[in-house]
Amino acid sequence: MSKITVSTLNKMKAEKNKITALTAYDASFAKLFHDNGVDVILVGDSLGMVLQGGDDTLAVTNQDIAYHTRCVRGGSRELFIIADMPFMTYSSVSETCKNAAQLMRAGANMVKLEGGEWLYDSIKTLTQQGIPVCGHLGLTPQSVHVFGGFKVQGREEIKALEMIADAQALEAAGAQMIVLECIPSELAKRITDAINIPTIGIGAGTQTDGQILVMHDLVGISAGYIPKFSKNFLLETGNMPDAVKKYCRDVKSGAFPSAEHEFK
């Protein structure tokens with residue numbers, strides 16, 4: 001497997017070759033994913049829920065993400081690793097740069113920030129300093145208390161237009177990828193068509209440039225409920241390597257997500 005870079009991902013978008021992504025938090029799963037076809041790993045602040053047992057992601061620290069990023073990098077030198085910037089670690093441009101640098105030193109290839117146009121200055125500064133950025137629009141888990149829970153976003157046309165404008169602003173600032181979470185599949189297509197950088201969907205239908213799942217959802221062991229947009233691939237295959245391979249095949253072919261995993 002060749003080393004994956006931003007250029008690799010842009011080429012995949014141009015060639016309509018779907019990007020496969022999963023969350024991971026340690027070296028063993030990073031190696032498993034590397035060996036079975038995954039292109040991108042996200043060291044997600046989802047660890048606050050699936051590893052730490054929290055009700056949301058807000059307690060996760062930058063030190064937590066840096067630690068797990070080092071662990072994941074130890075499992076693969078070739079995989080493209082995105083590290084989440086946790087809650088309130090990018091409230092100012094200076095804080096954003098300091099915390100992003102810590103994650104890059106830990107082994108990340110890119111950092112991910114939740115939010116729209118208000119992040120323009122921070123993203124522009126990060127990219128000027130050589131730190132690639134992934135945006136995150138739709139259901140942004142760090143804003144769960146503003147949304148009043150984990151709810152689908154962008155169903156009203158005015159909200160959809162705002163999200164499209166946010167995506168264009170993130171790209172203009174220098175972002176090189178955007179995660180779209182829990183939005184109607186038709187809106188995800190509109191955003192994907194409106195920008196030139198790759199989009200990665202989770203609960204956003206099949207028209208994005210790639211897909212991501214939390215690894216625990218992939219194998220059906222998440223605490224609490226299983227989200228509508230997820231699928232237990234282990235149940236179908238019986239072992240972890242085959243579950244990961246099937247996930248990658250189904251994303252590449254467009255078989256996953258299917259209509260039952262989409263929001264209208």
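**Entry 1: a tyrosine to start with**

Is tyrosine 67 buried, partly exposed or exposed? I looked it up in this predicted model. Tyrosine 67 comes out as partly exposed, with a relative accessible area of 47%. I found tyrosine 67 in helix α4. I also checked its distance to isoleucine 4: the two are 63 residues apart in sequence, and from C-alpha to C-alpha they are 22 Å apart in space.

**Entry 2: the histidine next door**

I moved on to histidine 68, which also has its place in helix α4. Is histidine 68 buried or exposed? Histidine 68 counts as buried, because its relative accessibility is 15% and the cut-off for buried is under 20%. Which residues does histidine 68 touch, if I leave out those up to four places away in sequence? I noted Tyr25, Val43, Leu47 and Leu51.

**Entry 3: helix α4 and its partner**

Still on α4, I wanted to see how this helix packs. Helix α4 covers residues 62–75 and helix α5 covers residues 93–105. Their axes come within 8 Å and cross at roughly 20°. Angles under 35 degrees count as roughly parallel, so α4 and α5 are roughly parallel to each other. I wrote down the crossing of α4 and α5 as right-handed. On the α4 side the contact is made by Asn62, Gln63, Ile65, Ala66 and Thr69; on the α5 side, by Asn99, Gln102 and Leu103.

**Entry 4: a second helix pair**

Next I turned to helix α8 (residues 157–173) and helix α9 (residues 185–194). At what angle do α8 and α9 pack? I get about 30°, with the axes 9 Å apart. That angle makes α8 and α9 roughly parallel to each other, too. Here as well I noted the hand: α8 passes α9 in a right-handed crossing. From α8, the residues that meet α9 are Glu157, Ala160, Leu161, Met163, Ile164, Ala167 and Gln168. They meet Leu187, Arg190, Ile191 and Ala194 in α9.

**Entry 5: the barrel**

Then I followed the strands. How many strands does the closed barrel have? I counted along β1-β2-β3-β4-β5-β6-β7-β8, a closed barrel of 8 strands with parallel pairing. From one strand to the next, the twist averages 25°. A reminder to myself: strands of a sheet pair through backbone hydrogen bonds, either parallel or antiparallel.

**Entry 6: strand β1 and its neighbours**

I picked β1, residues 19–23, for a closer look. How many of the residues of β1 are buried? I found 5 of 5, so the cut-off of under 20% relative accessible area is met along the strand. Both faces of β1 are covered. Ile19, Ala21 and Thr23 are buried on one side, and Thr20 and Leu22 on the other.

Which strands are joined to β1? To strand β8 (residues 210–213) I noted 4 bridges, and the two run parallel. Within that pairing, alanine 21 has isoleucine 212 as its bridge partner in β8. To strand β2 (residues 40–43) there are 3 bridges, again with the strands running parallel. Leucine 22 stands opposite isoleucine 41 in β2.

I also traced the path from β1 to β2. Helix α2 (residues 27–35) goes with these two strands to make a right-handed β-α-β unit.

**Entry 7: unusual backbone spots**

Last, I went looking for exceptions in the backbone. Most residues other than glycine have a negative phi, and most peptide bonds are trans.

Lysine 16 has a positive phi of about 55°, although it is not a glycine. I located lysine 16 in the loop between α1 (6–14) and β1. Is lysine 16 buried or exposed? Lysine 16 is exposed, with a relative accessible area of 74%.

Cysteine 182 is another residue other than glycine with a positive phi, near 50°. It lies in the loop between β6 (177–181) and α9. Cysteine 182 is buried, though, with a relative accessible area of 6%.

Which peptide bond did I note as cis? The bond from phenylalanine 256 to proline 257 is cis, with omega near 0°. Proline 257 has its place in the segment after α12 (240–253).

Definitions and conventions: Residues numbered from 1 in each chain as written. Predicted model: local features only at pLDDT ≥ 70, side-chain atom pairs only at ≥ 80, totals over all residues. Heavy atoms only, no water. Buried < 20%, exposed > 50% of the residue type's maximum accessible area, 1.4 Å probe, protein only. Pairing = 2+ DSSP bridges. Right-handed = clockwise from strand over helix to strand, strands pointing away. Axes fitted to C-alpha atoms, helices over the stretch in contact; angles between N-to-C directions. Parallel < 35°, antiparallel > 145°, perpendicular 65-115°, else oblique. Left-handed = near helix turned anticlockwise from the far one by under 90°. Contact = heavy atoms within 4.5 Å.
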